[in-house]
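Me: I have a model open and would like to talk it through before writing anything up. Can we start with the overall picture and then go to the side chains?
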Amino acid sequence: MNVDRLLSIEPLSAAAFAPFGEVIAAGAALQRFAINGGTTERLHALARARADDGDVVISLALAQARQFPFEISMLERHPKGSQAFIPLDQRPYIIVVASAPTHQPHAFLATQGEGINFRAGTWHHPLIALQDSSQFLIVDRDGPGNNCDEIALQPSWWLTGIDAG
């Protein structure tokens, strides 16, 4: 493992993640209002799902914990639509994103049930769960044409272990 290629992991925040998409969390809400006769507070439009020439679908993912140190050897992107991951069980996970495969990635630690929505075309690593059987709601595009570009990173980047709670 090349120590010059270690990624630091920063806390997830709406401001830091803005170049890549939206954070889906109560604290990120710009609009809040009462619905259902005042019995519910709606945190409106936390993210915008996008799908070119296809449907927006909702799926579940059951992710297994990754072992550290963890090698970031590839990135993927979805050019035809956004992709959201919303944890269902409050377990922490790591998000790795990059503005381009040739740029140093950013690593974020999501906690407190924070979800994220990648903008269409955002380079990212697949889910990095920190605990076994972490469950995620996925909102993304299903339709014709290729919607997943993958690229190998040479050389790789590395994440070292963190306290997953």
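Reply: What follows goes from the overall fold to the charged pairs and then to a surface patch, and it should be kept in mind throughout that this is a predicted model.

Me: How many helices and strands does the protein have?
Reply: The secondary structure consists of one helix and 14 strands. With a radius of gyration of 16 Å, close to the 15 Å from the globule rule for 165 residues, the protein is as compact as a globular protein of that length.

Me: And what does the C-alpha trace span along its principal axes?
Reply: The trace spans about 60 × 40 × 30 Å.

Me: What share of the residues counts as buried, and what share of the contacts comes from residues 24 or more positions apart?
Reply: Of the 165 residues, 38% count as buried, and among contacts with a separation of 6 or more, 82% are between residues 24 or more positions apart.

Me: Changing topic, how many salt bridges are in the whole structure?
Reply: A search of the whole structure gives three salt bridges. One of them joins Asp-149 and Arg-77, with the closest N and O atoms 3.1 Å apart, and this pair links distant parts of the chain, since Asp-149 belongs to strand E14 (residues 149-159) and Arg-77 to strand E6 (residues 70-77), 72 residues apart.

Me: Is Asp-149 buried or partly exposed?
Reply: Asp-149 counts as partly exposed, because its relative accessibility is 21% and the buried class requires under 20%. Arg-77 is also partly exposed, with a relative accessible area of 28%.

Me: Which residues make the other two pairs?
Reply: Glu-41 and Arg-32 meet through their side chains at 2.8 Å, N to O, and here Glu-41 is partly exposed at 48% relative accessibility, as is Arg-32 at 45%. Asp-89 pairs with Arg-91, the closest N and O atoms being 4.0 Å apart; Asp-89 has a relative accessibility of 22% and Arg-91 one of 28%, so both count as partly exposed.

Me: What about the surface, how much area is exposed and what do carbon and sulfur supply?
Reply: The protein exposes about 8,800 Å², of which carbon and sulfur atoms supply 49%.

Me: Which residues make a nonpolar patch there?
Reply: Met-1, Val-3 and Leu-6 make a nonpolar surface patch of about 300 Å². Leu-6 lies in the segment before strand E1 (9-11), and with a relative accessible area of 32% Leu-6 is partly exposed.

Notes. Residues are numbered from 1 along each chain as its sequence is written. This is a predicted model: local features need pLDDT of at least 70, side-chain atom pairs count only at pLDDT 80 or more; totals for chains, interfaces and linings use all residues. Side-chain values use heavy atoms; hydrogens and water are left out. Patches are made of residues with over 30% relative accessible area and no salt bridge: like charges are joined within 9 Å, nonpolar side chains (Val, Leu, Ile, Met, Phe, Trp, Tyr) within 5 Å. Accessible areas come from the Shrake-Rupley method with a 1.4 Å probe; for residues, only the protein chains shown count as cover. Helices (H or I, at least four residues) and strands (E, at least two) are DSSP runs, numbered from the N terminus. Buried means under 20% relative accessible area, exposed over 50%, partly exposed in between (1.4 Å probe, protein chains only). The radius of gyration is taken over C-alpha atoms; the globule rule is 2.2 Å times the number of residues to the power 0.38. Contact means heavy atoms within 4.5 Å.
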